[in-house]
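Here are my notes on this one, jotted down while going through the model. Have a look at the structure first, then see whether you read it as I do.

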Amino acid sequence: EKALALIESGVCTVAILDTNLAGVSAGPAATALAARGVPFLVLSGYAPHQQAPPFSAAAIHLQKPCPPERLIDALRSVTGPQ
């Protein structure tokens, strides 16, 4: 609910989503981000083929555990040049 409120407020410009946090799917957040054209990446213990369709809108899927450097590089790639 908090993520959806943040997305709807328009202040979210990029996001990192886990597909499942404590049994709660982030699918609604992925759908809302994609609908608004907000870039996001998925950082999950699930492989991309195991993820529900809302997460396929993410250009980048990273598998946990993920080295910090790889996460930083992925964020740079979805945010574009700074």
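1. Before anything else: this is a predicted model, so please take the points below in that spirit.

2. Let's start with the sheet. Strands 1, 4 and 5 make an open sheet, in the order 1-4-5, with parallel pairing. Strand 1 and strand 5 sit at the edges, each pairing on one side only. From one strand to the next, the twist averages 25°.

3. Now the pairing of strand 4 with strand 5. The two run in the parallel sense and share four bridges. If you want to check the register, Leu41 has Ile60 in strand 5 as its bridge partner, and Val42 is bridged to His61 in that strand.

4. Strand 5 covers residues 60-63 and has two faces worth telling apart. Ile60 and Leu62 make up the covered face, while His61 and Gln63 are on the uncovered one.

5. Ser44 deserves a close look. This residue belongs to strand 4, residues 40-44. Is Ser44 buried or exposed? Its relative accessibility is 0%, under the 20% limit, so Ser44 counts as buried. The Ser44 side chain has a polar contact, at 3.0 Å, with the side chain of Thr19. Leaving out residues up to four places away in sequence, Ser44 touches Asp18, Thr19, Gln51, Leu62, Gln63 and Lys64.

6. On to the helices over the sheet. Helix 2 lies across strand 1 and strand 4 and runs at about 150° to strand 1. Helix 3, residues 68-79, lies across strand 1, strand 4 and strand 5, and its angle to strand 5 is about 170°.

7. Which residues of helix 2 are buried? They are Gly27, Ala29, Ala30, Ala32 and Leu33. The cover over the buried residues of helix 2 includes helix 1, strand 1 (15-17), strand 3 (24-25) and strand 4.

8. Not every alanine in that helix is hidden, though. Ala35 is also part of helix 2, which spans residues 27-36, but its relative accessibility is 65%, over the 50% limit, so Ala35 counts as exposed. Ala35 and Ala57 are 22 residues apart along the chain, and 9.6 Å separates their C-alpha atoms. Just past the helix, have a look at the backbone: Gly37 follows helix 2 and has a positive phi, near 75°.

9. How do helix 1 and helix 2 run relative to each other, and why? Their axes come within 9 Å and cross at roughly 5°. Angles under 35 degrees count as roughly parallel, and helix 1 and helix 2 are therefore roughly parallel to each other. At the contact, Ala3, Leu4, Ile7 and Glu8 of helix 1 meet Pro28, Ala29, Ala32, Leu33 and Arg36 of helix 2. By class, this contact has seven nonpolar residues, two charged ones and no polar ones.

10. Last, Leu6, which lies in helix 1, residues 2-9. With a relative accessible area of 43%, between the 20% and 50% limits, Leu6 is partly exposed. Setting aside residues up to four places away in sequence, Leu6 touches Val11 and Cys12. As for helix 2, the C-alpha atoms of Leu6 and Ala29 are 9.7 Å apart in space, with the two residues 23 apart in sequence.

How values were computed
Residues are numbered from 1 along each chain as its sequence is written. This is a predicted model: local features need pLDDT of at least 70, side-chain atom pairs count only at pLDDT 80 or more; totals for chains, interfaces and linings use all residues. Side-chain values use heavy atoms; hydrogens and water are left out. Buried means under 20% relative accessible area, exposed over 50%, partly exposed in between (1.4 Å probe, protein chains only). Contact means heavy atoms within 4.5 Å. A polar contact is a pair of N or O atoms within 3.5 Å; within protein, one must be able to donate a hydrogen and the other to accept it, and residues adjacent in sequence count only if both atoms are side-chain atoms. Axes are lines fitted to C-alpha atoms, for helices over the stretch in contact, and angles run from 0 to 180 degrees between N-to-C directions. Angles under 35 degrees count as roughly parallel, over 145 as roughly antiparallel, 65 to 115 as roughly perpendicular and the rest as oblique. Ala, Val, Leu, Ile, Met, Phe, Trp, Tyr, Cys and Pro count as nonpolar, Asp, Glu, Lys and Arg as charged, and the others, Gly among them, as polar. Two strands pair if DSSP finds at least two bridges between them.
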